[in-house]
Amino acid sequence: MKITKYVVMVGILLCVFMPFNVMAAKPVVIGLQGPITGPWAYEGQMAKQSCEIAAQLINQKGGILGGRMIEVRVVDDAGEPKTGALAAQKLVGQKDVVASVSTYGSSVCEPASNIYEKYKKVNIGYGVTAVRLTQRNFKYFFRTCGRDDSQGKFFADAVPAKFSAKKIAIMHDNTAFGKGLAEDTKRALKSMIDAGKVQIVYYDAITPGEKDFHVPLTNLRETKPDVWYFTGYYAEAALLISQARDIGITCPFVGGNAAINDEFVKIAGLNIAKGCYMTNEPLPGDLPYPEAKEFLKAYKDKYGEIPSSPWPIYAADALNIIAYAVDKTGSTKSSVLANYLRDKVNGVPGITGPIGFTKLGDREGVPFYLYVVNDEGKIVISQ
Amino acid sequence: MEVFLEQLINGLTIGSFYALIALGYSMVYGILKLINFAHGDFFALGSYIGYTVLVFGSAFITSHFGLWGGMIAAMLVAAFCVAFVGVVVERAAYRPIYPAGRLPAVVSALGASIFIQNTIMVIWGPRYQAYPASLIPNIHIQLGNIHITLLQIVILVLSFFLLGILYWVIQKTTFGAAIRATALDKDTASLMGINFNRVIFFIFTLGPALGAMTGVMVGMYYRQISFTMGWNYGLKAFTATILGGIGNLPGAMFGGLILGVLEMFGAAYISAAWKDVFVFLILILVLIFRPTGLFGEKVAEKV
């Protein structure tokens, strides 16, 4: 009888303590808020795959904090500001989520980061380039991507000279990102305009989600620009360029860094897409860093091809830097992580190059290139 | 002047899309007094089926039919498939609840709309799909300073042809007379020996088929389709129906064309961002002065 009693007691004790054992090895959960469905689903899916590969690479090397694995928890924001706020609510409501990689679109990030800030959760944007996002003195918001004004400045330095363009048309799509980039470009061009070297002959917005752009394009055609800069997303960019060529606009098309990807080429068709330019961060395949090679190899092994746009790898780097900060500080406390990222992270090797943050939470030093769609429909650095 | 003409052609192109979709709304409303909210999704479904035909039959189409033949083939296949879906939806979602009255039927129509939309998403995925550019005839025409494409003209001609055929069927044939009689008074029409169920079968094949063909044309014209596209076009077509006078078929045709042209001119001469405001302002004005719509006298007569 006594033995059975001990067995029962040991059993009960085991039952009580088992959960604690499990808890000791429980994974570090990092959230990913991205447009898994909706108009930017293509980008969202690649970001999800990238984060999962990044986590897999860390886990294969033994995880962080002496053996804890990284788990990615994905929440869909459908690329809509309203859904984005709900997605952020969902993630901050889960106690085990340490920090969040959030999100692709600037207009979605704006309300979402408000919520992360309110509930004190570190959130790192990976495709959010609108300048004002880091002008709000938020403590918990960072981004691994660049800012629109760095891109606007690059446009002003490189593009008019390349096409010997005097008359420039700028078209945006009224989203936080598109309008921001257009305004920054205008600002960057100001000194050249004042010197009488160039002029902006067209500056207007289109409505995203529309399919028919014949009217704004006709207006643009009548101003006879030498080069046309569109700061918006690929879904509209592909329709715009098709319809523009239909109504006889022949000037070079330069897209912002969200305008051209494989989908753009597919929708517009190779005949129209080839020779379209874009200002862009270096694409994944053009990155020289060893971390990039390792990451892309793992990505390609699993999915057959490397990501076709630059943004997903910024998501992977956001995840990496969160994991790095948790590992180095030994803490999952938001304020500790935020302070560490802001003050101590500097030149940490990442897939997209050395990672460091400014006091505002911006990424330090992001290079830009002029890319072009070549005759095979591949997007390559323009010579 | 050239820009004006160009915008007029662009407006007529979209207008003919609206008109073809509006006909489906108007026919169903005329007979059943039901606003068939699923109609926009029939249109989207047609667009996706046409896309599938073009993508999977691309080799066959280019070698046997040529590009224009491919377009016609895609339109016919889409029309047949969606006509079938239309009949099934009527049997499954509408017929069982006719006795319950008009409001439950409208709710059921909304349900059917959501169902079709999500089915499209599950089958073809949430991403934008692109009509293969290599399978779409792409010939530019430049008359003076007017830039249009041959596809636009073909779409216009085809739409007017379809509108003409439908007009002929409804106004000149015996069966069309049966439809009009049913629309005027269902019970008396049955007493005169008109098979009510056959009339319903007919409108639920013809309406969705027209919608599906429009879907293929829209896919060809814009090249980019999404599973939510049915809602927008459905709403615009519904507006066109009201503008022309709901239940009145020539009214739906003209309502669609007028709406398309108004939209283009609103965007061109007022502001692109305000074009919908402009369109709906006109709609409100028309409804204030002619509550039955522009061509709505016949509806008023029967009430």
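This dialogue goes through the pocket, the interfaces, the salt bridges and the backbone of a predicted model with chains A and B.

Colleague: Let us begin with the empty space: how much of it lies in the largest pocket?

Modeller: The general idea is that rolling a probe the size of a water molecule over the atoms shows where empty space is left. In this predicted model, about 1,000 Å³ of space lies in the largest pocket.

Colleague: Which residues lie nearest the centre of the largest pocket, and how many residues line it?

Modeller: The lining consists of 36 residues, and those nearest the centre are A:Pro208, A:Gly209, A:Glu210, B:Tyr128 and B:Asn232. Looking at secondary structure, the elements that give two or more residues to this lining are helix H8 (234-246) of chain A and, from chain B, helix H1 (2-32), helix H9 (229-244) and helix H11 (275-289). The largest share, five residues, comes from H9(B). Within chain A, domain 1 (23-146 + 286-343) and domain 2 (149-280) each contribute at least three residues to the lining.

Colleague: How do the residues of that lining divide into nonpolar, polar and charged?

Modeller: For the largest pocket, 17 lining residues are nonpolar, nine are polar and 10 are charged.

Colleague: Turning to the chains, what area is buried between chain B and chain A, and which residues of chain B lose the most area?

Modeller: The size of an interface is often given as the accessible area lost when the parts come together. Between chain B and chain A that area is about 2,500 Å², with carbon and sulfur atoms giving 53% of it, and the contact involves 25 residues of chain B and 27 residues of chain A. On the chain B side, B:Arg127, B:Tyr128 and B:Gln224 lose the most area to chain A, together 25% of what that side buries.

Colleague: How many salt bridges are counted between chain B and chain A?

Modeller: The count between these chains is two. A:Glu210, which is among the residues nearest the centre of the largest pocket, forms a salt bridge with B:Lys275, where the closest N and O atoms are 2.5 Å apart.

Colleague: Can we read the two domains of chain A in the manner of an interface, and what area is buried between domain 1 and domain 2?

Modeller: The C-alpha centres of domain 1 and domain 2 of chain A lie 30 Å apart, while 17 residues of domain 1 are in contact with 13 residues of domain 2. The area buried between these domains is about 1,200 Å², of which carbon and sulfur atoms give 56%. On the domain 1 side, A:Trp40, A:Tyr42 and A:Val131 supply 33% of the area buried against domain 2, more than any other three residues. The count of salt bridges between the two domains of chain A is zero.

Colleague: How many salt bridges are found over all chains?

Modeller: A search of the whole structure finds 22. In chain A, A:Lys61 forms a salt bridge with A:Glu294, the closest N and O atoms being 3.0 Å apart. Because A:Lys61 lies in the loop between helix H2 (41-60) and strand S2 (70-76) and A:Glu294 in helix H11 (residues 290-303) of chain A, the pair ties together parts that are 233 residues apart in sequence.

Colleague: Finally, the backbone: which residues does a cis peptide bond join, and what is the phi of A:Leu65?

Modeller: Most residues other than glycine have a negative phi, and most peptide bonds are trans. Here a cis peptide bond joins A:Ser102 and A:Thr103, with omega about -5°, and A:Thr103 lies in the loop between strand S3 (97-102) and helix H4 (106-118) of chain A. A:Leu65, although not a glycine, has a positive phi of about 50°, and A:Leu65 lies in the loop between H2 and S2 of chain A.

How values were computed
Residues are numbered from 1 along each chain as its sequence is written. Chains are lettered from A and ligands numbered from 1 in the order in which they are written. This is a predicted model: local features need pLDDT of at least 70, side-chain atom pairs count only at pLDDT 80 or more; totals for chains, interfaces and linings use all residues. Side-chain values use heavy atoms; hydrogens and water are left out. On a 1 Å grid over the protein atoms alone, a cavity is a set of points where a 1.4 Å probe fits but cannot get out, and a pocket is an open set with protein on both sides within 12 Å along at least five of seven lines; lining residues have an atom within 4 Å of a point. Grid points are joined across faces, edges and corners, and a volume is the space filled by probe spheres set on the points. Helices (H or I, at least four residues) and strands (E, at least two) are DSSP runs, numbered from the N terminus. Ala, Val, Leu, Ile, Met, Phe, Trp, Tyr, Cys and Pro count as nonpolar, Asp, Glu, Lys and Arg as charged, and the others, Gly among them, as polar. Domain bounds come from an automatic or database domain assignment. Contact means heavy atoms within 4.5 Å. Buried area is the accessible area (1.4 Å probe) that two parts lose on being put together, summed over both. A salt bridge is a side-chain nitrogen of Lys or Arg within 4 Å of a carboxyl oxygen of Asp or Glu.
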